[in-house]
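Take a look at the sequence and the structure below. The report after them starts with one pair of strands and works outwards.

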Amino acid sequence: MRAPLSRRLRRSPSVRSLAALVAATGLAAPGAAEQLNVSKIATGTFTFINWTVEAQQPLANNGAALAYFDLATGSIDTEPTPYFATPPWSALFLPFPTLPWLQRLTPTVPYMDGKSTFTYANSNSRLARVNMLAIPTKHVLSESFGSGTVAAAVSYTVRLEHTGSEPLDYFVDLQVPADTRTVAPAYDLCCPGDPNGGTYTYHQPKAAQARGAIDLYANGLPVWTNEDTYLYPALPNSSPFDHIDFLWGKAAGPATTTLFLGRLHSGDTLTVTEIVHADVQANAPDCGIEGPFGFYPNFDYTVHCLELQQDIQMQSGGVAQPVGFNVYSRVPPAVIGRAP
Amino acid sequence: MTGMPGRKAALVRAGSSMTGTALLMAVACSAPLPVSELTAQQAATVAGYPEVSLADAGFTTSTLVDVAALAQGTQTDVQREADATAASYAGLSLPYPIQPPPGPAVSAPPDAASHIDFKKGGDSGQGWATTTGAGMPFLDLTSFGQASARGTASWTAQVPIGPTDTNLYVQFHLPAAQVTGFTEQNGPSVWQDRLRAELLMNGHPVWSTEAQRQTALGNPLSNGGDNCINDFEASDNLVVFGPSLGLVSDPGQKSPPKTVTLWMGSFPPNQTVEVSLIVRGETQVERLCCNHAAGGLPEEFCTRATLVLDWDETPQPVRFWVGPSVF
């Protein structure tokens with residue numbers, strides 16, 4: 001089932017309220033619980049199952065050897081290279097998943113002009129964060145304030161080999177992440193003490209894009225995808241609030257989707273990988289100021305630049321499971337009662 | 001409180017202050033990612049290092065095509081091979097004979113006549129995906145009317161690291177790409193394409209590029225269910241994340257083919273590194289084709305979305321080397 005194409009140039013009227021400045025947007029309606037049979041993609045063979053019958057089958061916990069690999073990367077364009085977590089650099093699969101934590105940021109620095117002090121409304125001009133330690137919600141987050149290019153990503157891979165003599169049916173419960181984007185144009189706010197609350201004047205960026213992408217792969221092929229991309233259209237008559245959204249695949253969460261990967265026999269292997277991307281990139285050097293505050297000549301001003309944030313919120317897959325999903329197996333109905 | 005001293009100067013300095021005097025804060029539990037794209041000179045040096053053959057790396061290929069079309073349902077084709085070409089094909093349209101009958105593109109790109117004629121096929125989706133035994137990806141995806149086509153061409157290798165020289169280098173080739181479409185005025189619709197290529201180390205993208213293109217229509221009155229009124233394409237928007245393949249705003253322009261050579265870092269001795277390339281494409285058109293009477297006969301008018309990663313026969317598109325540091 002494909003997602004509706006609801007991407008269209010959206011124009012927002014000019015507004016003069018502070019509430020309109022920060023538009024935190026849930027990118028899609030939370031998806032309902034869903035069951036997907038992806039056995040053809042995962043194993044090459046379509047295996048029919050009756051979901052109701054299958055749900056009553058006993059879990060099989062000892063039929064496979066499991067190994068895990070996870071990695072987080074983050075980059076900001078003020079640094080020469082991306083960073084990764086957790087060091088040291090190694091390709092070794094572990095017997096358990098880990099919880100990488102990574103943060104890269106460039107702080108904003110207040111400055112003086114004469115005796116006036118200008119302080120940025122955001123403490124960072126760029127922020128890349130992958131926090132799999134957070135409880136209960138983990139974050140893959142990229143944020144820019146003004147101009148900047150920021151990328152954050154995390155991956156969890158499970159490599160399993162079916163070692164049991166009898167076949168087992170393998171499933172993934174995907175904890176579909178929520179995906180939140182914040183876009184707040186740069187603005188001037190003059191005379192905040194006025195009876196009408198002051199006057200806002202918004203600034204257009206030269207360019208701004210963001211993306212949240214969540215993908216699940218089985219043996220190198222995609223079995224579940226969600227992507228939501230934001231584009232500031234930058235047309236000659238664009239309002240600072242205009243945006244175009246590209247939607248792909250399934251709805252973002254929070255939700256749980258169960259995927260049937262297929263029936264594995266002794267010696268079969270299967271690799272399941274979840275990759276989450278959060279990216280923002282903006283060319284928005286035109287910031288605005290709010291003020292003055294204080295008394296002559298020591299005025300204070302607050303600087304408001306374009307704020308762009310993509311935040312993907314992941315959930316634990318369970319005890320000793322990767323963040324975002326868990327893999328398990330059940331005894332196929334036909335196998336029950338079979339002689340050893 | 002009426003003065004606003006130095007306002008214009010302040011705005012200028014607002015930009016320069018953040019980029020010029022910023023402090024960078026490092027966190028102890030992360031480290032610089034030891035993956036970087038090599039220069040042509042460095043790549044030439046690496047080409048003299050001991051090479052790991054695809055066979056010794058347990059090279060496998062896989063492909064997926066998944067299409068959906070109005071009233072035709074969905075169709076999925078998957079293939080996986082070891083050290084051989086994997087090729088998938090799927091197509092859905094109104095029934096009509098296509099000559100030659102389309103099938104997987106194993107040794108050559110599909111014949112032009114194998115592509116669906118939307119005047120006969122109406123709302124339709126069609127796709128080919130191939131990964132050659134040498135690791136060259138190929139995608140040919142088209143949606144007409146209310147349809148979508150997804151294709152994936154990927155390969156995976158298990159590259160052994162030796163006991164002494166532990167630097168891994170990977171080279172892969174991406175053919176010329178076109179991410180395009182056409183808005184039919186007598187069957188207007190928004191359409192969109194995406195192309196993503198990612199080089200993975202143990203499942204994590206250490207090199208990633210994505211291009212998305214989408215159109216917007218110009219007549220806001222056409223947002224309803226009747227899409228057969230005249231509308232027009234108001235804008236064509238290209239978004240790129242990661243290193244650019246060279247696609248430009250003109251949807252008729254292809255990107256040039258690209259060979260990428262990466263240093264993947266130095267690994268502990270005797271490890272095995274899983275290296276994969278996943279190239280994915282998707283095309284979607286939102287609204288169904290319009291059936292207008294033309295000269296007394298019904299005729300389909302369809303908006304189209306197309307994504308092509310060219311058939312490319314550059315030799316040795318994938319190579320692995322394990323050797324000393326090139327830096």
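In this predicted model, S12(B) and S13(B) pair in the antiparallel sense over 10 bridges. Within that pairing, Ala197(B) stands opposite Thr209(B) of S13(B). Strand S12 covers residues 191–201 of chain B, and strand S13 covers 204–217. The two strands form a hairpin with 2 residues between them.

Asn202(B) lies in the loop of this hairpin, between S12 and S13 of chain B. Its phi is near 50°, which is a positive value in a residue other than glycine. Most residues other than glycine have a negative phi, and most peptide bonds are trans. Is Asn202(B) buried or exposed? Asn202(B) is buried, because 23 other C-beta atoms lie within 10 Å, and 20 or more is the cut-off.

**Around S12 of chain B**

S12(B) has a second partner. It pairs with strand S16 (residues 272–285) of chain B, again in the antiparallel sense, over 11 bridges. Here Arg194(B) has Glu282(B) in S16(B) as its bridge partner.

How many of the 11 residues of S12(B) are buried? The count is 11 of 11, and the strand is mostly covered. Both faces of S12(B) are covered. One side carries Trp191(B), Asp193(B), Leu195(B), Ala197(B), Leu199(B) and Met201(B), all buried. The other side carries Gln192(B), Arg194(B), Arg196(B), Glu198(B) and Leu200(B), also buried.

Strand S11 (residues 177–182) of chain B has 5 of its 6 residues buried, so it is largely enclosed by the rest of the structure. S11(B) pairs with strand S19 (residues 304–309) of chain B in the antiparallel sense, over 6 bridges. Thr180(B) has Thr306(B) as its bridge partner in S19(B).

**A sheet with strands from both chains**

Now turn to a sheet that draws on chain A and chain B. It is an open sheet of 8 strands, in the order S17(A)-S16(A)-S15(A)-S19(A)-S10(A)-S3(A)-S4(A)-S1(B), with antiparallel pairing. The edge strands are S17 (244–249) of chain A and S1 (31–32) of chain B, and each pairs on one side only. Strands of a sheet pair through backbone hydrogen bonds, either parallel or antiparallel.

Three pairings from this report can be set side by side.

| Strands | Sense and bridges | A facing pair |
|---|---|---|
| S3(A) and S4(A) | antiparallel, 3 bridges | Thr73(A) and Phe84(A) |
| S4(A) and S1(B) | antiparallel, 2 bridges | Phe84(A) and Ala31(B) |
| S12(B) and S13(B) | antiparallel, 10 bridges | Ala197(B) and Thr209(B) |

Phe84(A) stands opposite Thr73(A) and also opposite Ala31(B) in S1(B).

The contact between the chains goes beyond this pairing of strands. In total, 66 residues of chain A are in contact with 64 residues of chain B. Which strand gives the largest share of the side of chain A that touches chain B? Strand S5 (residues 101–107) of chain A does, with 6 residues. By class, this side of chain A has 38 nonpolar, 20 polar and 8 charged residues.

**Inside chain A**

Chain A has 2 helices and 23 strands. Buried residues make up 53% of its 340 residues. Among contacts in chain A with a separation of 6 or more, 75% join residues 24 or more positions apart.

The largest nonpolar core has 169 residues. Val140(A), Ala218(A), Val223(A) and Leu261(A) touch the most other members. Strand S10 (residues 148–162) of chain A gives the most to this core, with 8 residues. Beyond its neighbours within four places in sequence, Val223(A) is in contact with several residues, including Val38(A), Ile41(A), Ala218(A) and Leu259(A). In soluble globular proteins, nonpolar side chains tend to be buried together.

**Unusual backbone spots in chain A**

Asn219(A) has a phi near 50°, a positive value in a residue other than glycine. It sits in the loop between strand S15 (207–218) and strand S16 (221–231) of chain A. Asn219(A) is buried, with 22 other C-beta atoms within 10 Å.

Two peptide bonds are cis. One runs from Ala85(A) to Thr86(A), with omega near 15°. Thr86(A) is in the loop between S4 and S5 of chain A. Another joins Tyr296(A) and Pro297(A), with omega about 0°. Pro297(A) is in the loop between strand S20 (288–293) and strand S21 (300–304) of chain A.

**How far to trust it**

The mean pLDDT of chain A is 88, and 88% of its residues reach 70 or more. Over residues 1–31 of chain A, pLDDT stays under 50. Where pLDDT is low, the predicted coordinates should not be read in detail.

Technical notes. Residues numbered from 1 in each chain as written. Chains lettered and ligands numbered in written order. Predicted model: local features only at pLDDT ≥ 70, side-chain atom pairs only at ≥ 80, totals over all residues. Pairing = 2+ DSSP bridges. Helix = DSSP H or I, 4+ residues; strand = E, 2+ residues; numbered from the N terminus. Contact = placed C-beta atoms within 7 Å. Nonpolar A, V, L, I, M, F, W, Y, C, P; charged D, E, K, R; others polar. Core = buried A, V, L, I, M, F, W, Y, C linked by C-beta atoms within 7 Å. Buried ≥ 20, exposed ≤ 12 C-beta atoms within 10 Å, placed from the backbone. pLDDT = per-residue confidence, 0-100.
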